[in-house]
Each structure stands twice: as C-alpha cells, then as structure tokens.
Amino acid sequence: MRKRCQIPRNSVLKRIQGYFRMLCASSDEYFFATDIVENIVMLSPNMVTDFGMPAEIFMDMDAEWLPRVHPDDYDDYIKNLHKEFTPEDNMHDVIYRVRDAKDNYVWVRCKGQMSFGRDGAPELFAGIITPLEQKIQADANTGLLTKYQFEKAVKAALVRVDGEFPNGAMLIFGIDNFKIINESFNRRFGDMLLRIAADAISNVLPEGVMLYKLDGDEFAIVVPDMDEAGAQSLFETVQRSFCRPHEVEGRSLFCTISAGTVLYPQGGKDYLVLHKHAEAALDQAKRDGKNKNIIFSKEQYNRWLRSITMRDMLQDSIEHGFEGFSLFYQPQVNARTQRLIGAEALLRWRSPKGRMVSPMEFVRILEETKMIIPVGRWIFETAVKQCKAWQEKWPGMRISINLSYEQIKESGFKEFALECLKKHDLPPYLIVLELTETAIVSDWNNVNTQFQEFRKMGISIAMDDFGTGYSSLAYLKNLACDIVKIDRAFVTHITEENNEFDRQLVKSTIELCHSVSIDCCIEGVETIREYELLRDFCHADSIQGYFFGRPEAPEDFEQKFFVEPENPYLAGCGI
Ligand code: C2E
Ligand code: CA
Ligand code: CA
C-alpha cells in the first residue's frame, strides 16, 4: 500500500539523505531516490509541489507515477524502467510526457541509475528528472510536440535518399469555428476541446505518424509516401472520428474539422513553402464551407491569392465611402401583360484596376468577412433612393434588394431599414427583400421572426434561387414569404423536347405556391419560347431575364424603359 512514511533506520536512503537534501537545495531539477528493497521513495520537495506527489517520502512510487505518464509514452517508459538492470547496464534514460499538478502534460527526461548491494541485488535507484519544456517545446495543453518539432520532422522527411527527392504529404488540420466556440464558452472549454480533438486525430493516424500541435486550433502531420488519394482517405477517417458529439464539461458538442494538404515534391520542396501552401489550402477549405480537405494546386493557390487581395481592396473601397461599388438594375415584368413591375438591384464593384468584378466573385468574400453588413446598408439606402426617384417616372415600381443571411443575423438592420424608408419617404410596400443562400440558414425560427416583422412593416419577402438547394420545398414550408424566385437552372432546359419533367416540375411548383398565395417570379428567361411556355403552360406571375433586359446602370435602365421603350416585348410597358 502506498503511504507517507519515515525512512527505516536500515534503509540505504538514510545514508544518502544528507547529500540528497544538499542536491535538492542547489538545483531546480527534480531528484528521486528509491530504496528497492523497502520500496520507499524519497523525492525533492519541488516534485511534491509541481507534480502533486503525496509526500517527500512515501511507499510505492510506481503506483503514484505510472498513471501520470502519457498513454502514448507509457509502453516506452515501462520497457525502459522494467528492464533487467545489471551492474554493466544500470542506466535508465527516457524522454516522455507526464502530467503535472495542473493537469498539463510536460515533457521530461528521466535519467536514473541502479546501484547494487553487497549481495549483488538491486539496492538503490536514484536520478534526476529534467523538464524539457524549453528544449522540445511540448504544448502544455495537449502534450503534443509543437511547430518547432514539426518543422524539424518535415525537414527530416525532405532529406534526399540515394539522390532521390522523397515524396509524401503534409496535412494541416483546423477545428471549424473554434474561435466562435472559444468565445461562446470559455478558454478552459476550448482547451478541453483541443485535447479531445488531439486524441480523436491521434487515434486514427497510421502507425508511426506523429501528430503535432501548431498555433491556435491547428494540428499537423507529415506522412512519407502518401499520394493525393491516400491523403484524402486519411482525412475522411479523421473526419469520421469527428462525426459524433464530443462530451466537453458535461455538454455535448458537435464540431467538424477541415484540412489543407500539400504533396511534396509537387507542392514545394522546402518546409516554408510547403507550410505556406498547406495553410492556404486549409484557409480555402474553410472558405469553401468547412468540413473538407483541400489539396493544394497552383490554380487553387492563385485563386486563394486573388481572393485575399480582393478582400483587402474591398475593405479599402468601404473605407473610402464605398468607392467602386454601384448598383445595376434588372427589369422584372408581369408575365401576362409584359408590363414593367419592378427591378432587382444587383451589386457591382469596380476594382482599383478598373475591372468590373462579378458579384459571384466578391459577394462571398463580403459575407465571409462580414463586410456585407456595412455594404448591405449602403445597398439598401442606394436602392431606396433609386426607387424613390423612379416613382415619378413609373409609379408603383418596386425594387428587389438582395439580403444575405449575415445581414439578417445583424439585429440592427431592421431599425436601419425602417429609418431609411422614413428618411427617403418611401412606402415600404415598394421594397422586396430577397433572401439569398438559403442553404446555410441554420435558425429558421429567427429568420422567420425577422421576416414576419419586415412583412408587418409592409416590406415583401422573396425566397431567392428556389430549387437550387436540396430541400427547397422544406424551406418553403418553413419560410413565411410573399414571392418565390425559381432559379434559372430550371428554365435552361425547359423548352427541350424530351424535358417534360422540368416543365411539369416548374408548373407544379408554381401551382403549389399559388395554393398558398405565394407569387412566382422566374429568373433567367432568355428566349421567347421560354417566356411563352412559362406564361402559358406554367402560369408564372413575373419574369426576370435577359429576354426582357440585362442588369444595367440606372442611366441605361432609364433610357431603355422610361425614354425609348423600343423593345417590342416591352410594348405593354409603354409610357
Ligand atoms: P441572384 O440574386 O440570383 O441574381 C440574379 C443573377 O442572375 C444576376 O447575376 C443576373 O445578372 C443573372 N441573370 C438574370 N437574368 C439572366 C438570364 O437571363 N441569363 C443569365 N445567364 N443570367 C441572368 P449577378 O448580377 O451576377 O449576381 C449574381 C449573384 O450575386 C446574385 O444572384 C446574388 O446572389 C448575388 N448578389 C448580387 N447583388 C447582390 C447584393 O446586392 N447583395 C447580395 N447579398 N448579393 C448580391
Ligand atoms: Ca436575387
Ligand atoms: Ca436568384
């Protein structure tokens, strides 16, 4: 039984106790001496405080120490400790991780020596334990080796053998939304999650592959002889181990993981380049919606570089009074009368180099960086002013404004919108808000509450890009809206002879909407055949598409619709 005790008179420890105390007083290292016969250990006082040991002198050190050794280092440690000591082979020298009094794993080097009694039997085992924190930089929370050792490991993996450059893969993992989790709970919770993540990844790594902890929420591995398929399949294994809720401090937390992979030598031949490329791929994985692995390629990297540069330029534009941003307007007409009923405001941005950039390229960046919040307000106000100005020329004309999910989440937007309508003296019923990217909406209750309030204010709500997500019908059930905009994807093939299915699908969707008093606007109508079919067979309410007009700057829009409506299909619009 382990217990605090006195040193027996006959113990070898008695003989060395004086020296032992002198040693302890003169160094910061940890000392131990064990009487093998009595199984009593004598420890330096700092071991009691730093490792939470029961006392300076007690029985059965193994029972106390072994449970503190890191599970991954346990076998090595035991092998070294329980070897057959002989006078010729009497040293114990092992590096391992052990849990300290604060529950952190620290790397230590333990060097001990066995001495033998007159009868030749082991008598005293004594030595020094040196903390290696500074030398090998273990991560205090997870106990994993850190970026410094990772760098060394990568450099070692890149050494030529027989003149051949080796091949393999470097993967950097990042926990998705870690920052949000950390901010929403607390640091301790975050630390715990990192430890769980470290275990989850370590447990599925192939034999001999070491996991390293980089900064923040990132982990890394380097695997020799691994190709793209191997890296992807390894990632999927890691991903699966994250696919269940993790118990953190009594809460059940579900989180996902992303990764960036770079293969060597294709993706780089030295550590810095490989690291940079893997980080860029990881960043891309997060921007692409997370929970995925992106494999570095030159094209992918250049795309990433462009988006980084664009982000800075967009920020600059915002800081300079939304310089470079403008709104284009695309007509929406009544499907039966062809009469202009409104226009959708579509954002444009001219880069400092003078290139007109498509919103497909930059809206996502605005959303990711939340820059869409100030830009969204600018869009709303600009569109409201435009709508007001056009009322004189075309009374009742409505403007549809795109709204990102990020903007709905921002609680102040509603008040801003109301203020803005008041300021410019525009009746709310002339504004339609289109909810884009419905696929990512996670809290329908909140969205619906917000929309109900907009509707109470008199603003109409449209659900954009209907049919592009997997469960649009389910969304329809959830969302209280006035208009559904059916995506262009459904129109493209609608006139093809053998495409009865698409025709019926659009027709039935419209019928379904009509049965619950929702209007249907069809987007992307480019030809007269599409138009006529949508009008006569499908009974669409309104049409938006190149056939009636492309998005244009306000001056061009005015010229076309208010000054000289020469387009014969807009005859009904006539002034
Ligand atoms: P969206 O809201 O679905 O806008 C309709 C897009 O379809 C526009 O592209 C328009 O030019 C295009 N389009 C319209 N008719 C036709 C047609 O007949 N044929 C073809 N091929 N295309 C047609 P655009 O302006 O490039 O905008 C792309 C997307 O960017 C928008 O899709 C919307 O999701 C987003 N976006 C644009 N402006 C804003 C904005 O102010 N705020 C937000 N949050 N997103 C915006
Ligand atoms: Ca839209
Ligand atoms: Ca759309």
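## A calcium site and helix α1

The donors of the calcium ion (ligand 3) follow the spacing D-D-x57-E along the chain, where donors are N, O and S atoms within 2.8 Å of the metal (3.2 Å for Na, K and Ca), and since water is not among the atoms, sites may look incomplete. This is a predicted model, in which local features need pLDDT of at least 70 and side-chain atom pairs count only at pLDDT 80 or more, while totals for chains, interfaces and linings use all residues. Residues are numbered from 1 along each chain as its sequence is written, chains are lettered from A and ligands numbered from 1 in the order in which they are written, and side-chain values use heavy atoms, with hydrogens and water left out.

The protein donors, Asp 464 (OD), Asp 465 (OD) and Glu 523 (OE), the last listed twice, lie 2.1 to 2.7 Å from the ion. Asp 465 belongs to strand β20 (residues 460-466) and Glu 523 to strand β22 (residues 519-523), so the pair ties together parts that are 58 residues apart in sequence; strands are DSSP runs of E, at least two residues, and helices runs of H or I, at least four, numbered from the N terminus.

Burial is judged by relative accessible area (buried under 20%, exposed over 50%, partly exposed in between; 1.4 Å probe, protein chains only).

| Residue | Relative accessible area | Class |
|---|---|---|
| Asp 465 | 24% | partly exposed |
| Glu 523 | 12% | buried |

Turning to helix α1, its buried residues are Val 12, Leu 13, Gln 17, Phe 20 and Cys 24.
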